[in-house]
Amino acid sequence: MEWIIEPLDKTHDRAAFSCEELGLTRFLQGQALEDPQRLLGGVYAACESGSKHVCGYYAISSYLIARSIMPKEVKQHPSMPRYESSPVFLLGRLARSIEWKGKGLGEFLLVSALTRASLHAESLGCTAVVVDTISEPARNFYHRYGFMDIPDDKDRLYMTMLAIRASLRL
Ligand SMILES: CC(C)(COP(=O)(O)OP(=O)(O)OC[C@H]1O[C@@H](n2cnc3c(N)ncnc32)[C@H](O)[C@@H]1OP(=O)(O)O)[C@@H](O)C(=O)NCCC(=O)NCCS
């Protein structure tokens, strides 16, 4: 399957998109175009080559994570700064439409988001990517790619930029 990723804009057909999480379906059909205009973050659509029909999307923005809530093994890593907080990217939303279930699109979207974060890590600052998990299946999906639990925050997972680059061989 050949998908391309592009910034979401009003030429995209969003009406038929539907995933397992109503909130993520509604976001795409509603405020997804507004967030980038309000400089709140980027929203990227996956489409089949030559089509404007949205098969999947993700939303990513800059974020700060407090050192105090980082997993112990991350905090103790020699590469981690001693600052009270560190810049990260927050992958707040990622979903593919239900007709694409199990065809590798979820992984394709995740790899695109992590590659984008890595590309901007030096210029904008990004020590890790944090993901929002809204369900147990979503947690399991991200765990599979190496995301770690954040103590005291069961709704978010964390992967250092070092680990991302190692896993993507960047
Ligand atoms: C999570 C989600 C993106 C996965 O997308 P998908 O396209 O069905 O998954 P893929 O086909 O890319 O699967 C890639 C791999 O992850 C595995 N996988 C998929 N969903 C999984 C889950 N919930 N738990 C564990 N592994 C999972 C697949 O088995 C596959 O592994 P394999 O290559 O060894 O067979 C999709 O279920 C979705 O959009 N859910 C609704 C929205 C959501 O929950 N988003 C995440 C939180 S914001």
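Select Gly56 in this predicted model. Gly56 belongs to strand 3, which covers residues 54-66. Gly56 is buried, because 23 other C-beta atoms lie within 10 Å and 20 or more is the criterion for that class. Next, display the residues that Gly56 touches, leaving out those up to four places away in sequence: Ala46, Ala95, Arg96, Ser97, Trp100, Leu105 and Leu109. One of these contacts, Ala95, is 39 residues from Gly56 along the chain, yet the two C-alpha atoms are separated by 5.5 Å.

Move now to strand 2, residues 42-48, and select Cys47, which lies in strand 2. Is Cys47 buried or exposed? Cys47 counts as buried, since 20 C-beta neighbours fall inside 10 Å. Colour the contacts of Cys47 beyond four places in sequence: Trp3, Ile4, Lys52, His53, Val54 and Cys55. A distance to draw here is that from Cys47 to Glu2, which is 8.5 Å between C-alpha atoms for a separation of 45 residues in sequence.

The following stop is His12, in the loop between strand 1 (3-7) and helix 1. Although His12 is found in a loop, His12 counts as buried, with 21 C-beta neighbours inside 10 Å. Which residues does His12 contact once its neighbours within four places in sequence are left aside? They are Ala45, Lys52 and Val54. Between His12 and Ala45, 33 residues apart along the chain, the C-alpha separation is 8.3 Å.

Follow the chain into helix 1, residues 22-29, and select Thr25 there. Thr25 counts as partly exposed, because its 17 C-beta neighbours inside 10 Å fall between the limits of 12 or fewer for exposed and 20 or more for buried. Apart from residues up to four places away in sequence, Thr25 touches Phe17, Ser18 and Cys19. For a long span, draw the line from Thr25 to Ser86: these residues are 61 apart in sequence, and their C-alpha atoms are 31 Å apart in space.

Two loop residues deserve a look at the backbone. Most residues other than glycine have a negative phi. Select Leu39, in the loop between helix 2 (34-37) and strand 2. Leu39 has a positive phi near 60 degrees and is not a glycine. Leu39 counts as exposed, with 8 C-beta neighbours inside 10 Å. Then select Asp152, in the loop between strand 6 (148-150) and strand 7 (153-160). What is the phi of Asp152? The value is positive, about 70 degrees, in a residue that is not a glycine. Asp152 is exposed, with 8 other C-beta atoms within 10 Å.

Display next helix 4 (residues 105-119) and helix 7 (residues 161-168), whose axes come within 10 Å and cross at roughly 120 degrees. Angles from 65 to 115 degrees count as roughly perpendicular and those over 145 as roughly antiparallel, so helix 4 and helix 7 are oblique to each other. The crossing of the two helices is left-handed. To see where they meet, select Val111, Leu114, Thr115, Ala117 and Ser118 on helix 4, together with Met161, Ile164, Arg165 and Leu168 on helix 7. By class, the residues of this contact are 6 nonpolar, 2 polar and 1 charged.

Finish at the ligand, which is surrounded by 25 residues. Begin with the closest of them: Gly106, Glu107, Pro137, Ala138 and Asn140. Which elements give two or more residues to the shell around the ligand? Strand 4 (85-96), helix 4 and helix 6 (136-144) do so. Helix 6 supplies the largest share, 5 residues. Colouring the shell by class gives 10 nonpolar, 6 polar and 9 charged residues.

How values were computed. Residues numbered from 1 in each chain as written. Predicted model: local features only at pLDDT ≥ 70, side-chain atom pairs only at ≥ 80, totals over all residues. Axes fitted to C-alpha atoms, helices over the stretch in contact; angles between N-to-C directions. Helix = DSSP H or I, 4+ residues; strand = E, 2+ residues; numbered from the N terminus. Parallel < 35°, antiparallel > 145°, perpendicular 65-115°, else oblique. Left-handed = near helix turned anticlockwise from the far one by under 90°. Contact = placed C-beta atoms within 7 Å. Nonpolar A, V, L, I, M, F, W, Y, C, P; charged D, E, K, R; others polar. Near = placed C-beta within 6 Å.
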